[in-house]
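Colleague: I have a model open on my screen and would love a guided tour. Could you walk me through it?

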Amino acid sequence: MGQSSPFKPIALVVEDDALQRELAVVLLEECDMGVIECDSAEGAVRVLEKMGECVSMIFTDVSLAGKIDGVELAHFATQYYPDIHVIVTSGLALAKSLPEGATFMPKPWLPLDVLREAQRSQH
């Protein structure tokens with residue numbers, strides 16, 4: 001009989017559209033991930049500063065409430081927490097380049113694509 005791991009991977013979902021955020025949260029919870037929600041990159045940075053070593057994945061939109069966008073958040077996360085799997089999503093083409101290792105997922109994204117990325121983040 002297998003033993004369950006005491007570690008539950010954590011996903012940080014950063015999206016200012018409540019419906020989009022909730023859909024991503026539900027999908028990631030189905031992957032047996034713990035999920036923390038933020039509507040701004042500033043909020044996400046505060047979460048990372050407190051518990052960044054515990055976060056396995058960030059799923060962020062480019063356009064967010066606040067002064068920092070999702071691409072800037074991706075650069076911050078990969079610089080200070082290089083083991084976090086970062087997915088950036090947008091309905092528009094990217095105007096800025098993503099950091100190395102980050103993944104771009106165009107909107108509308110498919111639930112299966114989000115689930116695949118969640119699996120990748122759990123190594």
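Modeller: Happy to, and please keep in mind that this is a predicted model. Let's begin with the largest nonpolar core, which has 23 residues. The members that touch the most others there are Leu 12, Val 14, Leu 48, Ile 58 and Leu 73.

Colleague: Thanks! Which elements each supply at least two residues of this core?

Modeller: Both strands and helices contribute to this core, each with at least two residues. They are E1, H2, E3, H3 and E4.

Colleague: And how many residues are in the other core?

Modeller: That core lies apart from the largest one, and Ala 11, Ala 24, Met 105 and Ala 118 are among its members. The number of residues in it is 15.

Colleague: Let's turn to the sheet. What is the order of its strands?

Modeller: The sheet is open, with five strands and parallel pairing. Strand E2 (34-38) and strand E5 (103-106) each pair on one side only, which makes them the edge strands. Neighbouring strands are turned by 20° against each other on average, direction ignored. The order is E2-E1-E3-E4-E5.

Colleague: Val 13 caught my eye. Which residue is its bridge partner in E2?

Modeller: E1 pairs with E2 in the parallel sense over five bridges, and E1 also pairs in parallel with E3 over five bridges. On the E3 side, Val 13 has Phe 59 as its bridge partner. On the E2 side, the partner is Glu 37.

Colleague: Is strand E3 mostly covered or mostly open, and how many of its residues are buried?

Modeller: E3 spans residues 55-61 and has E1 as a parallel partner, while five bridges join E3 to E4 (residues 85-90), also in parallel. In that second pairing, Ile 58 stands opposite Val 86. E3 is mostly covered, and the number of its residues that are buried is seven of seven.

Colleague: How does the chain get from E3 to E4, and what is the hand of that crossover?

Modeller: The path goes through helix H3 (residues 70-80), giving a β-α-β crossover. H3 lies across E1, E3 and E4 and runs at about 175° to E4. The crossover is right-handed.

Colleague: Last one: beyond its neighbours within four places in sequence, which residues is Val 14 in contact with?

Modeller: Val 14 is one of the core members touching the most others, and its contacts include two more from that group, Ile 58 and Leu 73. The full list is Cys 38, Ser 40, Ala 41, Ala 44, Ile 58, Phe 59, Thr 60, Asp 61, Leu 64 and Leu 73.

How values were computed: Residues numbered from 1 in each chain as written. Predicted model: local features only at pLDDT ≥ 70, side-chain atom pairs only at ≥ 80, totals over all residues. Heavy atoms only, no water. Buried < 20%, exposed > 50% of the residue type's maximum accessible area, 1.4 Å probe, protein only. Helix = DSSP H or I, 4+ residues; strand = E, 2+ residues; numbered from the N terminus. Pairing = 2+ DSSP bridges. Right-handed = clockwise from strand over helix to strand, strands pointing away. Axes fitted to C-alpha atoms, helices over the stretch in contact; angles between N-to-C directions. Contact = heavy atoms within 4.5 Å. Core = buried A, V, L, I, M, F, W, Y, C linked by side-chain atoms within 4.5 Å.
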